[in-house]
Structures are given as C-alpha cells and as structure tokens.
Amino acid sequence: MLGTVGRDAVRGMEQAVEDQDRGEQHAAKQFVDHARHYMDLLRQHIEKEDHCLFAMADQVVSQEDQAELLQRFEQAEKDTIGEEDKQGYLQLAQQLADRYGIDGAAATTSGTHAHTCGASSCEAT
C-alpha cells in the first residue's frame, strides 16, 4: 500500500514545488493535499506495524532473540548515528512536537504490542 501510492504522493509534492517555482497559484494547495495524503499513508503503515506486525513477531520470536536483536539494533545505531547525533534528532523531534502541539510521549514505544487486528487486516504494507 505505502509503496506505489506513497511514491505518487511524493511525486505530487515534487510537482507542486516545481509548479510553485513557476508561480502557479494552485501549487501550495496541491502540495498540502499530497502531503496530508502521504501523512495518512504513513500513519496507517505505522499503525499496522505497531498493532499487527510487531505483535505477530512477538508471538514467534523468542524473548532471547528479541533481546539479541535489540542489542544489535542499538549497536548499529551507535555505529551509524552516534549518541550526539541521536540526541540532536530526539531534541529536534521534541521541538517539532512542542511547536505543533503533539505529545512527545506519543512517539515513544512500549516494547510490546497488543495484537488488535484480525489476520485478514494485517496485509503487507
């Protein structure tokens, strides 16, 4: 779902920027429309990950394997981003959340996920 439709939304935003550069009046509204559509797609995608994919993985991946994965992800993060850059990104995210009235705590994960979807609604996204 996210793939083709998401790419179309991004292309629409790119086209709107080009249209804006040419002074076309409709460009800003088109950009906002495409951006909102893309945000909706991302929210749906993340919702499926949080409440379907991760919950299903919790059922089939052992706690030991999950702990090892977490350790490897943390190491990869340190190796590629570094703690200073990570903190900078977290600070930027919090500033944006504050600026736009979004609860920063809503962006954190709890580590476990309730499986709230039916198997038929957990399609690949």
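This is a short talk on one protein model, from the overall fold down to single side chains.

Good morning. One caution before we start: the model is predicted. Let's take the fold first.

The protein has four helices and zero strands. Along the sequence, the pattern reads α-α-α-α. How much of the protein is buried? Of the 125 residues, 14% are. The exposed surface comes to about 9,700 Å². Carbon and sulfur atoms supply 55% of that area. Now contacts. Take pairs of residues at least 6 apart in sequence; 66% of those contacts join residues at least 24 apart.

On to helix 1. It runs over residues 2–21. Is its length what the residue count predicts? Let me rephrase that: what span should 20 residues give at 1.5 Å a residue? The expected figure is 28 Å, and the end C-alpha atoms are 28 Å apart, so the two agree.

Which residues of helix 1 are buried? The list is Leu-2, Gly-6, Ala-9, Gly-12, Met-13, Ala-16 and Asp-19. Look down the helix axis and these buried residues fall within an arc of 140°, so they line one face of helix 1. What covers them? The cover includes helix 2, residues 27–60.

One pair links these two helices in space. Leu-41 lies in helix 2. Leu-41 has a relative accessible area of 4%, so it is buried. Gly-6 is among the buried residues of helix 1. Leu-41 and Gly-6 are 35 residues apart in sequence. In space they are 7.0 Å apart, C-alpha to C-alpha.

Now the end of helix 1. After the helix comes Gly-23, with a positive phi, near 80°.

Stay in this region for Asp-19. It sits in helix 1. Is Asp-19 buried or exposed? Its relative accessibility is 6%, under the 20% cut-off, so Asp-19 counts as buried. What does Asp-19 touch, beyond its neighbours within four places in sequence? Its contacts there are Glu-24, His-26, Ala-27 and Gln-30.

Asp-19 also has a charged partner. Its side chain meets that of Arg-22 in a salt bridge, 2.3 Å from N to O. The two ends of this bridge sit in opposite classes. Arg-22 counts as exposed, at 51% relative accessibility. Asp-19 is buried, at 6%. And the pair belongs to a network: salt bridges link Asp-19, Arg-22 and Glu-24.

How many salt bridges does the structure hold? Seven. I'll show two others.

The first is in helix 1. The side chains of Arg-11 and Asp-8 meet at 2.6 Å, N to O. Arg-11 and Asp-8 are three residues apart in helix 1, so about one helical turn separates them. Arg-11 counts as partly exposed, at 46% relative accessibility. Asp-8 counts as partly exposed too, at 39%.

The second is in helix 3, residues 63–80. Arg-72 and Glu-68 form a salt bridge there, 2.8 Å from N to O. They are four residues apart, about one turn of the helix. Arg-72 is exposed, with a relative accessible area of 56%. Glu-68 is partly exposed, at 36%.

While we are on helix 3, check its length. Its 18 residues, at 1.5 Å each, should span 26 Å. The end C-alpha atoms are 26 Å apart, which agrees. What follows helix 3? Gly-82 does, and its phi is positive, near 90°.

Last stop: the surface. Which residues form a nonpolar patch there? Leu-92, Leu-96, Tyr-100 and Ile-102 do. Together they have about 410 Å² of accessible area. Take Leu-92 as an example. It is found in helix 4, residues 83–99. At 43% relative accessibility, Leu-92 counts as partly exposed.

To recap. Four helices, zero strands. Helix 1 has its buried residues along one face, and helix 2 is part of the cover. Asp-19 is buried and linked by salt bridges with Arg-22 and Glu-24 in a network. Leu-92 is one of the residues in a nonpolar surface patch. Thank you.

Note on methods: Residues are numbered from 1 along each chain as its sequence is written. This is a predicted model: local features need pLDDT of at least 70, side-chain atom pairs count only at pLDDT 80 or more; totals for chains, interfaces and linings use all residues. Side-chain values use heavy atoms; hydrogens and water are left out. Helices (H or I, at least four residues) and strands (E, at least two) are DSSP runs, numbered from the N terminus. Buried means under 20% relative accessible area, exposed over 50%, partly exposed in between (1.4 Å probe, protein chains only). Contact means heavy atoms within 4.5 Å. Accessible areas come from the Shrake-Rupley method with a 1.4 Å probe; for residues, only the protein chains shown count as cover. The expected span of a helix is 1.5 Å times one less than its number of residues. The arc is that of the directions from the helix axis to the C-beta atoms. Patches are made of residues with over 30% relative accessible area and no salt bridge: like charges are joined within 9 Å, nonpolar side chains (Val, Leu, Ile, Met, Phe, Trp, Tyr) within 5 Å. A salt bridge is a side-chain nitrogen of Lys or Arg within 4 Å of a carboxyl oxygen of Asp or Glu.
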